[in-house]
Amino acid sequence: MALPVLEKSWEFELNHRITYPGGSAEMYNATLYDWKETWKGWTVGGATVAGSSDASASWGWGTDYWTSPTFPSNNNPWIVLNLNGGGQVMITRTTTSYVSRLYFSPGGLFTGGGLNTPPTATDQRTIWDTYLFGTQTWAVDCVMQYWHSIDGDCEIMIPYLGNNQYGILMFGRLANAVENWEGGRFYLYNGVNNNLTYSTLNVGSPFRFSYGGTWYTAHGTGLGINRSVVSAYNNQAVNSFSGRSPFPRIGLASKDAGARGWHGRLVDVFWANNQAYPTGAFLEEDVDHPEFKWIQIQALALPWDGVETELVTI
Amino acid sequence: MPLPELERSYEWIENAWYPTSGSGVTDRKRLAFALYSLLTGWTSNPWAIVASANTSSAGWPGPGWSSYLDVDYPESWFVAENVFGVQLCYWYDAASDATVYLSPDGSFSGGAVGSPPLTGANYSTLLNSGYSYWNSSSGLDCRVNAIHSTDGKFDIFLPLRTGSNKCEWCIAVNKFEDAASGWALPWLGYCNPANGTGYGWPRAEDGYGFNWQETENWQGFKASGGDSPFSAVIGCDVWDSYMAMENAISVNEISGRWQMFPLAAIGNTVGGYGVFGRLPDVYQVSSGFVTGDSIELDPTNPGYTWMVFGNYAFPWTGNPLLVTAE
């Protein structure tokens, strides 16, 4: 049982520090701006700006008016990004300085809007509607971790604030998706700090997908023997036979009526062993692929570039 | 999600009728002899009896069993060896009991009447107590089903108590594929009695089945040369607080296909931790199925279908019928 071979090619922005500028609202803006710039800036398959408003002077479709992180934080600035893998996301700041919202339109249907009025989409889904990654307090340095598959199908973002990991945002596309589900697109959002656990991702249902115009919740499945996924071996550092780190796959399954069943698997993201290794541990290096490693972040094993030597969290 | 394609080809014994004799001991002798006969009777790559004991003599290969009258407790046992050298030892050691051993490196030796040949052997004990199978005091008859892969890598023996949809007991020996490096002899055996209220693999009584994988142990050992035996369970993708089959659906609501989940071997004891192989051609199904359900014929392989025993789908002959009544 060798190390898994990456199925996708990835770009990374790892240990991406955003220095606290001295005010929470300013930090909030700086983080959103960094996020937008990073997603736009991928070498291959980056997002494009569908439309935006700086909430003070300019807005319109086809132009990025978020030209600096100093836009007003409380007058409904917004930006719509076209994801290369399909669909659009819209980020807004609302009228309250510490509130942001993130919406997803799988059909890429955002339209309308104005200088202080975010557009809407008939298929829009609210991913969060209060705090950026569930926290109001962005008054410390932030370290962002970004992953991007160059086919545009997958974006992953994990923020760290003052050594606390604040959940995860992931857009992805399933491999081995069941037939009749065109696209196999899903997103994962969890905004609770230090909560990327088996319980959250498996027993909980933080995954979402749209099928036939209806949104469904989904669980991350794992190869296991009982109701605690991989519990038989997740406290073991290595497989007793192979001596290798375990890399159980993550599937996606729903028990919502209308879309029940196991529908596919995530690509290049695996369950990790959070009882045997701490967050930030590098799992085995693939000697055939020295350009990347595997890193553990709580219950997940993610690809990691061959450059950054540690997971910086503060 | 098309139907899975078979990796191996198979022979079957279907619905072999074993009416109760009215004597529990006699019924157990007859089932023991049925096992002996089936293992050695397959057309392709059958097992061979390499050692045996009847009521009066023992040896290698020993007297063999010519009928159930050669079987009695605690004298009788046999060692069957498959084409890969894996040995299975069955010992009828007490009136309502039996003990089954597996030696993947085929190292059983010695033995005498009433004493199975364990001397110096590397083996796992698949079952050693409570083997009061086919409790004929209930007055129920039995149908025996057995599946054998023609390459000799898989055997399962499934007596089914008539009318109850219960597998009375089960013996399975399987070579796991995609074995983890370091597992030199990737064979696991399984044996479980039902005793009327238990659930021999594959969890034969319908309506139960969320936690079978927690409790049912396969046994094997890591390698020849003295490593300790270990236990394993078989598992599949699970989610939430129950099993994949929690939803009691038979068909994926998006694909419209049958829910059939591949199985893997997962070790949960010292010396055998981890996922270290998969079980070909056997799938977990949801609790929406019941024993005797047949899953659609595969149009590309019309010679077989899938048959549900408990929570599992096994490859089955083109005849879709599993007889669960007299």
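Let me begin with one residue, D153 of chain A, whose place is in the loop between β8, residues 142-149, and β9, residues 155-161, of that chain. Please keep in mind throughout that what we are looking at is a predicted model. Is D153(A) buried or exposed? With a relative accessible area of 13%, D153(A) falls under the 20% cut-off, and therefore counts as buried. As for what surrounds this residue, and leaving aside residues up to four places away in sequence, D153(A) touches K8(A), G85(A), F171(A), G172(A), R173(A) and R185(A). With R173(A) there is also a polar contact, made from side chain to side chain at 3.0 Å.

Staying with chain A, I would like to turn to two residues with an unusual label in my notes, namely a positive phi in a residue other than glycine. A55(A) has a phi near 70°, and its place is in the loop between β2, residues 48-53, and β3, residues 59-61. The relative accessibility of A55(A) is 5%, so this alanine counts as buried. D268(A), for its part, has a phi near 65°, but this residue is found in a strand, β15, which covers residues 261-271 of chain A. D268(A) is buried as well, its relative accessible area being 1%.

Next, the nonpolar cores. Which residues have the most contacts inside the largest nonpolar core? That core has 45 residues, and the ones with the most contacts inside it are W147(A), I156(A), I158(A), M170(A), F209(A), I297(A) and L302(A). Apart from it lies another core, this one of 36 residues, which includes M27(A), W42(A), I79(A) and Y189(A).

Let me now move to chain B, beginning with its helix α1, which runs over residues 24-41 and so has 18 residues. From its first C-alpha to its last, α1(B) reaches 25 Å, which is close to the 26 Å expected at 1.5 Å a residue. The helix is mostly covered, in that 13 of the 18 residues of α1(B) are buried.

Finally, where in chain B does P61(B) lie? P61(B) lies in the loop between β3, residues 58-59, and β4, residues 77-81, and the peptide bond that joins W60(B) to P61(B) is cis, with omega at about 0°. The loop between β3 and β4 of chain B is also the place of P74(B), and the peptide bond from Y73(B) to P74(B) is again cis, here with omega near -5°.

Key. Residues are numbered from 1 along each chain as its sequence is written. Chains are lettered from A and ligands numbered from 1 in the order in which they are written. This is a predicted model: local features need pLDDT of at least 70, side-chain atom pairs count only at pLDDT 80 or more; totals for chains, interfaces and linings use all residues. Side-chain values use heavy atoms; hydrogens and water are left out. Helices (H or I, at least four residues) and strands (E, at least two) are DSSP runs, numbered from the N terminus. Buried means under 20% relative accessible area, exposed over 50%, partly exposed in between (1.4 Å probe, protein chains only). A polar contact is a pair of N or O atoms within 3.5 Å; within protein, one must be able to donate a hydrogen and the other to accept it, and residues adjacent in sequence count only if both atoms are side-chain atoms. Contact means heavy atoms within 4.5 Å. A nonpolar core is a set of buried Ala, Val, Leu, Ile, Met, Phe, Trp, Tyr and Cys residues joined through side-chain atoms within 4.5 Å. The expected span of a helix is 1.5 Å times one less than its number of residues.
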